[in-house]
Amino acid sequence: MPGNERILMINGAASCVAVQGGAGDPPVLLVGSSMLSWPDELFDLLVAGGRRVIRYDVRDATAAERAHVAGMSTGGWIAQLLALSHPERVATLTLIASRPNTPGPVDDDLPGHHHAVMEVIMNTPAPDWSDQRAVVGRLVLQARTLAGAGAFDEASARAHAEAEVARTTDVRCAMTNIAFADHGSLV
């Protein structure tokens with residue numbers, strides 16, 4: 001485990017958090033499916049720009065009085081809930097590849113996910129979760145689909161997928177938990 005990562009016990013679950021930057025620097029909280037949702041290069045650039053950067057696996061809770069919050073994918077949904085529940089603690093909110101509700105019907109005034117993305121998410125058969133190569137293949141397929149018509153670096157996507165799988169104790173659970181979340185009502 002890198003020197004800036006720590007394992008915390010939260011409600012009986014082991015969680016990993018990475019914090020880097022000066023204690024007095026403005027905090028930036030990066031929320032994704034895991035801390036690996038965010039490239040190390042972005043993490044390093046934010047720190048070099050004078051920010052205290054916090055990234056964590058979604059099971060964690062991180063204490064900061066007020067932070068700039070960026071959420072990607074499922075992390076964007078979580079970041080939106082944080083901003084709605086505790087607006088005084090969110091200095092700014094940046095959302096990437098996210099929407100204000102989970103898979104299913106969207107609000108009439110908001111666009112839905114691209115059909116190709118939903119096709120892969122909803123209709124690609126689940127991999128054999130005990131076969132790491134199959135899971136990595138599924139993650140690479142999702143990354144390729146998200147890249148759309150743009151350039152796609154398969155080697156980089158594969159390396160990222162392998163790192164995600166390697167750090168996850170229950171990859172099936174990590175990839176499907178959001179489908180079972182209590183989405184509740186925000187109104």
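**A six-stranded mixed sheet and its helices**

In this predicted model, six strands come together as an open sheet with mixed pairing, in the order 1-2-4-3-5-6. Strand 1 and strand 6 sit at the edges, each pairing on one side only. On average, and with direction ignored, neighbouring strands of the sheet are turned by 25° against each other. Counting up the secondary structure of the whole chain gives six helices and six strands. Along the sequence, these elements follow the pattern β-β-β-α-β-β-α-β-α-α-α-α. Of the 187 residues in the chain, 29% are buried. As for contacts with a separation of 6 or more, 56% of them are between residues 24 or more positions apart.

The sheet is easiest to walk through from the strand 1 edge. Strands of a sheet can pair in parallel or antiparallel fashion, in either case through backbone hydrogen bonds. Strand 1 (residues 5-10) takes the antiparallel option with strand 2 (residues 13-20), and the two are linked over six bridges. Within this pair, Met9 finds its bridge partner in Ala14 of strand 2. The two strands make a hairpin with two residues between them, and there Asn11 adopts a positive phi near 50°.

Next comes strand 3 (residues 27-31), which is mostly covered, with five of its five residues buried. In a regular strand, side chains alternate between the two faces of the sheet. In strand 3, Pro27, Leu29 and Val31 point one way while Val28 and Leu30 point the other way, and all of these residues are buried. Strand 3 runs parallel to strand 4 (residues 52-56), and five bridges join the two. One of the residues involved is Pro27, whose bridge partner in strand 4 is Arg52. To get from strand 3 to strand 4, the chain passes through helix 1 (residues 40-48), giving a right-handed β-α-β crossover. Strand 3 also runs parallel to strand 5, this time with four bridges. Here Leu30 is partnered with Ala70 of strand 5.

At the far end of the strand order, strand 5 (residues 67-72) pairs with strand 6 in the parallel sense, over six bridges. Met72 has Ile96 of strand 6 as its bridge partner. Between strand 5 and strand 6 the chain goes through helix 2, and this β-α-β crossover is right-handed as well. The loop that follows helix 2 (74-85) and leads to strand 6 (90-96) is where His86 is found. With a relative accessibility of 37%, His86 counts as partly exposed. His86 and Arg66 are 20 residues apart along the chain, and their C-alpha atoms are separated by 9.6 Å.

Turning to the helices, helix 3 (residues 115-123) packs with helix 4 at an angle of about 170°, their axes lying 9 Å apart. Angles over 145 degrees count as roughly antiparallel, so helix 3 is roughly antiparallel to helix 4. On the helix 3 side, Ala116, Val117, Val120 and Ile121 make the contact, and they meet Arg138, Leu141, Gln142, Thr145 and Leu146 of helix 4.

Helix 4 (residues 132-147) also packs with helix 5 (residues 154-167), here at about 130° and with the axes 9 Å apart. The two helices are therefore oblique to each other. Helix 4 passes helix 5 in a right-handed crossing. Helix 4 brings Gln132, Val135, Val136, Leu139, Val140, Ala143 and Arg144 to this contact, and helix 5 supplies Glu154, Ala157, Arg158, Ala161, Glu162 and Val165.

Technical notes: Residues are numbered from 1 along each chain as its sequence is written. This is a predicted model: local features need pLDDT of at least 70, side-chain atom pairs count only at pLDDT 80 or more; totals for chains, interfaces and linings use all residues. Side-chain values use heavy atoms; hydrogens and water are left out. Buried means under 20% relative accessible area, exposed over 50%, partly exposed in between (1.4 Å probe, protein chains only). Two strands pair if DSSP finds at least two bridges between them. Axes are lines fitted to C-alpha atoms, for helices over the stretch in contact, and angles run from 0 to 180 degrees between N-to-C directions. A crossover is right-handed if, with the strands pointing away from the viewer, the path from the first strand over the helix to the second runs clockwise. Angles under 35 degrees count as roughly parallel, over 145 as roughly antiparallel, 65 to 115 as roughly perpendicular and the rest as oblique. A crossing is left-handed if the near helix is turned anticlockwise from the far one by less than a right angle, and right-handed if clockwise. Contact means heavy atoms within 4.5 Å.
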